Amino acid sequence: MTSVSTAASGQEAVAPHVTPERRQRGILLIRGATLLLGLVSLVQLLSVLGYIPFGFTNWQPVLIAYVLWSAALCWGLVLRDGEAGWRAIFVLPAVLFTVALVIFPTFFGLYIAFSDWNLQSAGGRQFNGLDNFYQLVADPYFWNALGNMVFYVATVLVQYAIAFGLAMLLNADIKAQKFFRVAFLLPFMLSPVAVSWMIGKSMLEYRFGPVTHLLRTLGWSQPTLLTSPWLAKSTIALMDAWVWIPFMMIMILAGLQALPKDVQEAAKVDGATGWQGFWQITFPLMLPVSVTTVVLRIIFQLKLADIVINTTAGGPGGATDTISSYIFRVYKDRSNVGYGTMIAEVYLIIIIFFVALLLKFTSRFMQRAV
Amino acid sequence: MKVELYNYMMNRRTMLKGAAGVAAMAAVGGPAMNVSTAFAQDDIRAAILKIPGVGKGQPTDADWQKVGEMTLGATKSSIQPGEFKGVELSFMGLNNQNVHNVLFRGLSKAWADYTGATINWIDLAQADYNARLQQAIATGTVDFDVIEMGAPFEGDVCGKGLASEMPDWVKKQIDMDDYVGYLKAPVGTWAGKTYRVSCDGDCHNFNYRSDVFADAGLADEWKKAGGEGDWKAPRTWQEVNAATKFLKGKQLGGQDLYGYLDPAKGWGGFGFYFLGSRATAYVKHPDSKAFLFEPDTMKPMVNNPGWVRAIQDVLDCLPSEPADQLNADPGTTGFQQFLAGTGSMLSWWGDIGSNVNTNDSSVIQGKTAFDILPGSPDVYNHAAGKWDTLASGPNFAPNMAYIGWGIYVMARVDADPKKQKAAWSLAAHLGGKDISLWMAAYPSGFQPYRQSHFNIPEWVGAGYDEAFITNYLASQANSYNHPNAAIEPRIPGIFQYYSEAEDILSNIYAGKMKAQEGADAIAAAWEKRTDQLGRDNQIKLYKASLGM
């Protein structure tokens, strides 16, 4: 065992096979890099806040100092702790990367969310406390989009049922099984942006679209799929389902293939019908896979934006709007960074709560089912 | 404009003769005998109009390069060969297919070869343009030296001191006096300083189906239905609305007819221009330049009775328009509806007219005519709070939507005189008088914008049909030069206002709000936006943009 051991007296850990000089060099390297990072950050912060007349033109030097500090920290740990240091740097780069690109931006996002920051504002960014939150609470466009999200999320259950059926078909002994598996997966390989143009803007086009042409042939004189609220919402949901059902299908298919066949065979021997075999054996056994699939799909669904932006821009009258497409407009068309970030942060919290509740509910449901 | 124009051009033999001559001259171009000095200016203008010529399809990169070389005379008279060697310029613009930056690359190659400068191109999709520009400004990371920019963004750039003031030699080189009236100061200027080399002029004109309004059968039906006056192309919005309601259910040549087309779906803020085109005749009073905000307070005027009438007009006409109108943005309305034969009247930029004869999806060749936007017998006087009937007759107020693209040099080049001169020389080359004629005549994304572009005999001499050119160019010239033209405020965040309005208009058009209720909601949203952007500053910049 060569890991760092901490003396009971509280003295610093001593790693075997590490000379005191080497250990000292490691400590110096870490402290030096930390000092550099702290100094660069402090200078830039004081400069930005106007406390000192000098500083860097932007935050890039701080980023460079962070990268240097990260490298020095890894190197210093190896020097200081020997093999334990080597073990630490198996994980440390990933941790530092996550801190830089996930944790810091999330908290920095909160900082922005509490500010009045419109890119075109003469006054620049101003701290405005909870004003953005209060604005959100009173924002009918946010609540309208959130209401639409309830509908879109509910459609996941329909998608799940269809995906389950398709997976069962593809799991059966059918001809050209491999071909159908690839063919059914194709929509998932397409970019939703491409789908929204190919289907939403072309095939469903009112005048020349082949789908609307077919609908006219079938007797619908004015097949306007994207101009009445519920029809538009349903059309968007259909396009979204077309893209994402293959994802659910492939997850469920993988689960079906992992099921022990002897249980089904035993049930058949005992005289179970096909429906009984599915409902009382296959479906319960597939619950863990189903829950994972549905939860993942709901998380994806909560971020629905691309098809909506391209096909209806949220209309008619906000009928197809989603939170993400609304955030897109707030950010992109209105440069309203502070408020847009507040919506994004609040939505993130809503998603976290919703998914946590969903997991808790499904966990209980599965325990009862078992 | 535009391919259909050169489809009218001279016969193939003439074109080939001209092109061969041009090519021969270009081949011997250089210090000893450059192309530009080989022609008198009129000859150059006539020669470039022959590139690529009739029946040759859209111009290619080789054509753009040739035009760029032939129009280099002004640069050569003020810049020494290789004078900008070692200078690198970043040029930010749009990446639309075969136009804007794609076109500029070819047009500026000869300039770069001659001066020795290098140009690095920053290409942006139109939808990303505003966000990219605003981020660069807000984060202090302006990384371009020259930008292709619309006048509505002047508040963001010039108003914040980010642009370089135009040197006098550039003004002389590009002949700014040749600009149509509305593109002259205050457009392109801030606080008395000039910043913009115009390369485009924008206005909405009125496109209508001449065959529909000349049809005798429809004229009879119009009379029988008790229609007011003769059956003819409408000249007021009231007539537009009446014709739109009348045409519902009618057919011509077996095709269903529709009247006016209102783009009811948002377009990243650009959709608001289309309500604006309906509204300007009602709200742009000849006595005042303002029609969107009160200049002294930035209080929105968008919920006054004039604007509400325009919104109500849309609501009244939508049931008579195609069934998918609620999901039709301006692009769809122009290119998938009007050009494809759906609808009889449309407000759009000059592109529609230029596509009528060239776009593969167009079925309305020879059936289209143009005019300035319709007027109104009365106009709302916002200051007096009442409708006025003008002694001069109906009020016309062409909508100068977007005010056109221009080329601006950023202030960051000012610290380096050589780079500054290079940047302005490039801008002057691309906004030069002769090169602009070619850009006005061929697909470029730009409309005619100089008085010299409206020289009908020049077009006719090049082989165009006089009636067509006269009608098409007159609709633009008369808009540009109209004394009561509605010129939008060049204030920071103008597209934020438009985007807010689009969201609310979508609700109004979908029947979720009444016209007045929606207009009040737009006004309230605009008030909040003004507060966020800084009311005092907005008022100051608004007044500056109005030349007050």
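Chain B has 25 helices and 14 strands. The model is predicted, and its scores are ipTM 0.81 and pTM 0.84. For chain B the mean pLDDT is 87, with 90% of the residues at 70 or more. Residues 1–38 of chain B have pLDDT below 50, and this stretch has 78 contacts in the model beyond near neighbours in sequence.

Of the 548 residues in chain B, 56% are buried. Among the contacts of chain B with a separation of 6 or more, 78% are between residues 24 or more positions apart.

**Domains**

Both chains have a domain assignment with two entries, listed here.

| Chain | Domain 1 | Domain 2 |
|---|---|---|
| Chain A | residues 20–113 | residues 135–369 |
| Chain B | residues 74–199 + 405–446 | residues 205–400 + 486–546 |

In chain B, the C-alpha centres of domain 1 and domain 2 lie 32 Å apart. The contact between these domains of chain B involves 12 residues of domain 1 and 12 residues of domain 2. On the domain 1 side, helices α9 (126–138) and α10 (154–157) of chain B each supply at least two residues. The most comes from α10(B), which gives three residues to that side. By class, the side of domain 1 of chain B that touches domain 2 of chain B holds seven nonpolar, three polar and two charged residues.

In chain A, the centres of domain 1 and domain 2, taken over C-alpha atoms, are separated by 42 Å. Here four residues of domain 1 of chain A are in contact with six residues of domain 2 of chain A. The domain 1 side of this contact in chain A has three nonpolar residues, one polar residue and no charged residues.

**Contact between the chains**

Chain A contributes 26 residues to the contact and chain B contributes 32 residues. On the side of chain A that touches chain B, helix α14 (residues 323–333) of chain A has the largest share, three residues. That side of chain A divides into seven nonpolar, 13 polar and six charged residues.

**A three-stranded sheet in chain B**

Chain B contains an open sheet of three strands in the order β10-β7-β11, with antiparallel pairing. The edge strands are β10 (345–348) and β11 (368–371) of chain B, each of which pairs on one side only. From one strand to the next the twist averages 25°.

Strand β7 (residues 205–209) of chain B pairs with β11(B) in the antiparallel sense over four bridges. The antiparallel pairing of β7(B) with β10(B) is also made by four bridges. Phe206(B) can be followed across both pairings: in β11(B) its bridge partner is Asp371(B), and in β10(B) Phe206(B) stands opposite Ser347(B).

The side chains of β10(B) alternate. Met345(B) and Ser347(B) point one way from the strand, Leu346(B) and Trp348(B) point the other way, and all are buried.

**Helices and single residues**

Two helices, one from each chain, contrast in cover. Helix α20 (residues 433–441) of chain B is mostly covered, with eight of its nine residues buried. The buried residues of α20(B) are Asp434(B), Ile435(B), Ser436(B), Leu437(B), Trp438(B), Met439(B), Ala440(B) and Ala441(B). Helix α10 (residues 261–269) of chain A is hardly covered, and the count of buried residues among its nine residues is zero. After α10(A) comes Gly271(A), with a positive phi near 95°.

Another helix of chain B, α22 (residues 466–480), includes Asn478(B). Around Asn478(B) there are 18 other C-beta atoms within 10 Å, so the residue is partly exposed; a buried residue would need 20 or more, and an exposed residue would have 12 or fewer. Asn478(B) and Ile372(B) are 106 residues apart along the chain, while their C-alpha atoms are separated by 6.7 Å.

Technical notes:
Residues are numbered from 1 along each chain as its sequence is written. Chains are lettered from A and ligands numbered from 1 in the order in which they are written. This is a predicted model: local features need pLDDT of at least 70, side-chain atom pairs count only at pLDDT 80 or more; totals for chains, interfaces and linings use all residues. Domain bounds come from an automatic or database domain assignment. Two residues are in contact if their C-beta atoms, placed from the backbone, lie within 7 Å. Ala, Val, Leu, Ile, Met, Phe, Trp, Tyr, Cys and Pro count as nonpolar, Asp, Glu, Lys and Arg as charged, and the others, Gly among them, as polar. pLDDT is the predictor's confidence in each residue, from 0 to 100. Two strands pair if DSSP finds at least two bridges between them. Axes are lines fitted to C-alpha atoms, for helices over the stretch in contact, and angles run from 0 to 180 degrees between N-to-C directions.
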